[in-house]
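Student: I would like to go through this model and ask how each label is justified.

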Amino acid sequence: MELKITHTTTYSYNEPVKYALQQARLRPLSDRQQTVQEWTLDITGARVEASYRDHHGNQTDLISAERATTEVVITARGIVQTADTAGVLGKVYGAAPLWYFCQPSEQTKPGNKIKALAGLIKSTDDPLDDLHHLSAEILNALPYQIGVTAPKTTAEEALAGDGGVCQDHAQIMVAAARQAGLPARYVSGYLMMNDRVDQDASHAWAEVHLDSIGWVGFDVSNGICPDERYVRIATGRDARDAAPLSGMRIGKADESMIVSLQVQQ
């Protein structure tokens, strides 16, 4: 499937900004699930200071705001050819070893609720069925609901609430898999929805490593493994590692952000 993506993030400041710096993880890479046919990153009110691959293998741009600007606009756009691999990325490895993805981060630190979910994964040679069961149980325990959690909500905190979004579902899946001894990571990316082109935000899912097949993805929020409607952007131990944009600013200026995203065939 050929997917066309346009993702624009606009930062506005109520007074000229003194200094602002963003890490942009907005460049997808080609792998067995996708081939990037064309991709550009257009920026106004700021400039790219450096581009590099981080320790998770994500293509990253370090973007600094122009002095005294009141608006920064970052637009990622391109075309990606995707394939349905039933969610299996395979035995693909980077600089970070597998044991690194067994370590909890601040956002995926397990509490009693996470530990209880991890008990669904049995000590078998192929826990794939258990992982599907775990994914379904997470969605049952935490129905999809926007506006209930925040970007800094941890997996355990989200699970104690009444609902959550894809970030919460992915982090809970990652935390539970790690608690069961399986390497797991968070994935940010795009999902083409069948009923709309315009979307409010990018998407997120989890990947778990199995010795038999390598990395395999689970989209808890939609109850499926990623198929040809998905485009991977970045991975990490949690949402902060794989955030499309993250950064800091210096000065008294207040910041507001507007995101515009279109994903279509």
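Student: Which exposed residues does the face of α2 turned away from its buried side carry?

Tutor: This is a predicted model, and in it D129 and N140 are the exposed residues carried by the face of α2 that is turned away from its buried side. Exposed here means over 50% relative accessible area.

Student: What makes the buried residues of α2 line one face of the helix?

Tutor: The buried residues of α2 are D130, L131, L134, S135 and I138. Seen down the helix axis, they fall within an arc of 145°, and therefore they line one face of α2. In general, an α-helix has 3.6 residues a turn, so residues three or four places apart point the same way. The cover over the buried residues of α2 includes α1 (112-118), α4 (166-179), β10 (203-210) and β11 (214-218).

Student: How do you know that the span of helix α2 agrees with its number of residues?

Tutor: Helix α2 (residues 128-141) has 14 residues and, at 1.5 Å a residue, should span 20 Å; its end C-alpha atoms are 20 Å apart, so the two agree.

Student: Why is T154 called buried, and A68 partly exposed?

Tutor: Buried means under 20% relative accessible area, and T154, at 17%, therefore counts as buried. T154 is found in the loop between α2 and α3 (155-159), and, leaving aside residues up to four places away in sequence, T154 touches E106, Q107 and Q171. A68, in the loop between β5 (59-65) and β6 (71-82), has a relative accessible area of 46%; partly exposed lies between the 20% and 50% cut-offs, so A68 is called partly exposed.

Note on methods:
Residues are numbered from 1 along each chain as its sequence is written. This is a predicted model: local features need pLDDT of at least 70, side-chain atom pairs count only at pLDDT 80 or more; totals for chains, interfaces and linings use all residues. Side-chain values use heavy atoms; hydrogens and water are left out. Helices (H or I, at least four residues) and strands (E, at least two) are DSSP runs, numbered from the N terminus. The expected span of a helix is 1.5 Å times one less than its number of residues. Buried means under 20% relative accessible area, exposed over 50%, partly exposed in between (1.4 Å probe, protein chains only). The arc is that of the directions from the helix axis to the C-beta atoms. Contact means heavy atoms within 4.5 Å.
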